[in-house]
Amino acid sequence: MTEKTSSKKFDEWFGVPRREIPWYPRIDPGQCVGCGFCVAICGRGVYRYDFESKKPIVAKPYNCLVGCQTCANLCPVGAIEFPAPEGLKKYIAKYKIFVKVKEILEKKFKPVEVKGYKEQMSYIEKTEKEVTKKTLGQN
Ligand code: SF4
Ligand code: SF4
């Protein structure tokens, strides 16, 4: 039986199909000492532990939280790698994530009367435009 490579609840990231974003860990089996720490600390079930090889397996790569590198940071031997986080900016621009962030903030914090809110939103819009322009060469 083939194991699913993601769980339904992690299928999207800001409304973007999670599989569109190539962000997940890779383990160097030559370096990994099989301590299992990565399996234990990941709260998203990305890893499974193979008791035969005594090594972890990246069983559900697309469950990985985009931008998270906790397991790589804590692996005692540095056996876990991720793509360069800089590369994520391309997807943030492509899928206009800042627009979605703005919508989330508005919905969540009902900010009409909050001091400085409009300025902050203008800043977010400006940032989004700048990132898009820089990354994709669009206005
Ligand atoms: S934390 Fe590092 S050394 Fe330990 S099992 Fe995971 S990859 Fe291997
Ligand atoms: S980066 Fe975070 S979410 Fe992704 S596998 Fe590691 S601990 Fe889990």
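**Phe37, two ligands and two domains**

Phe37 is partly exposed, with 16 other C-beta atoms within 10 Å. That count puts Phe37 between the two cut-offs, because a residue needs 20 or more such neighbours to be buried and 12 or fewer to be exposed. The model here is a predicted one, and Phe37 is a handy place to start looking around it. Phe37 sits in helix α1, which covers residues 37-41. Setting aside its neighbours within four places in sequence, Phe37 touches Leu74, Cys75 and Pro76. Leu74 is 37 residues away along the chain, yet its C-alpha atom and that of Phe37 are separated by 8.0 Å.

Phe37 also turns up beside a ligand. Ligand 1 is surrounded by 14 residues, and the closest are Cys32, Cys35, Phe37, Cys38 and Cys75. So what sort of residues make up the shell around ligand 1, nonpolar, polar or charged? The split is 12 nonpolar and 2 polar, with no charged residues. Cys75, then, appears both among the contacts of Phe37 and among the closest residues to ligand 1.

Ligand 2 has its own set of surrounding residues. Four cysteines are in it, namely Cys42, Cys64, Cys68 and Cys71. Pro25, Ile41, Val46 and Leu65 are there too, along with Arg44, Gln69 and Thr70. Sorted by class, this shell holds 8 nonpolar, 2 polar and 1 charged residues. The charged one is Arg44, because Arg belongs to the charged class.

Stepping back, how many helices and strands does the protein chain have? There are 5 helices and 6 strands. Following the sequence from start to end, they come in the order β-β-β-α-β-β-α-β-α-α-α. The chain is more spread out than a compact globule, because its radius of gyration is 19 Å, well over the 14 Å that the globule rule gives for 139 residues. Along the principal axes, the C-alpha atoms fill a box of roughly 60 × 30 × 30 Å. As for burial, 19% of the 139 residues count as buried. Contacts tell another part of the story: of those between residues at least 6 apart in sequence, 61% join residues at least 24 apart.

The chain is also divided into two domains, with domain 1 running over 8-83 and domain 2 over 89-136. The C-alpha centres of domain 1 and domain 2 lie 29 Å apart. Where the two domains meet, domain 1 puts in 4 residues and domain 2 puts in 4 residues. On the domain 1 side of that contact, 3 residues are nonpolar, 1 is polar and none is charged.

Two lysines stand out for their backbone angles. Most residues other than glycine have a negative phi. Lys54, however, has a positive phi, near 60°. Where along the chain is Lys54? It is in the loop between β4 (47-50) and β5 (55-58). Lys54 counts as exposed, because it has 12 C-beta neighbours inside 10 Å.

The other lysine is Lys96, whose phi is also positive, at about 45°, although Lys96 is not a glycine. Lys96 lies in a loop as well, this one between α3 (88-94) and α4 (97-109). Is Lys96 exposed or partly exposed? With 17 other C-beta atoms within 10 Å, Lys96 is partly exposed.

Definitions and conventions:
Residues are numbered from 1 along each chain as its sequence is written. Chains are lettered from A and ligands numbered from 1 in the order in which they are written. This is a predicted model: local features need pLDDT of at least 70, side-chain atom pairs count only at pLDDT 80 or more; totals for chains, interfaces and linings use all residues. Helices (H or I, at least four residues) and strands (E, at least two) are DSSP runs, numbered from the N terminus. The radius of gyration is taken over C-alpha atoms; the globule rule is 2.2 Å times the number of residues to the power 0.38. Two residues are in contact if their C-beta atoms, placed from the backbone, lie within 7 Å. A residue is near a molecule or strand if its C-beta atom, placed from the backbone, lies within 6 Å of it. Domain bounds come from an automatic or database domain assignment.
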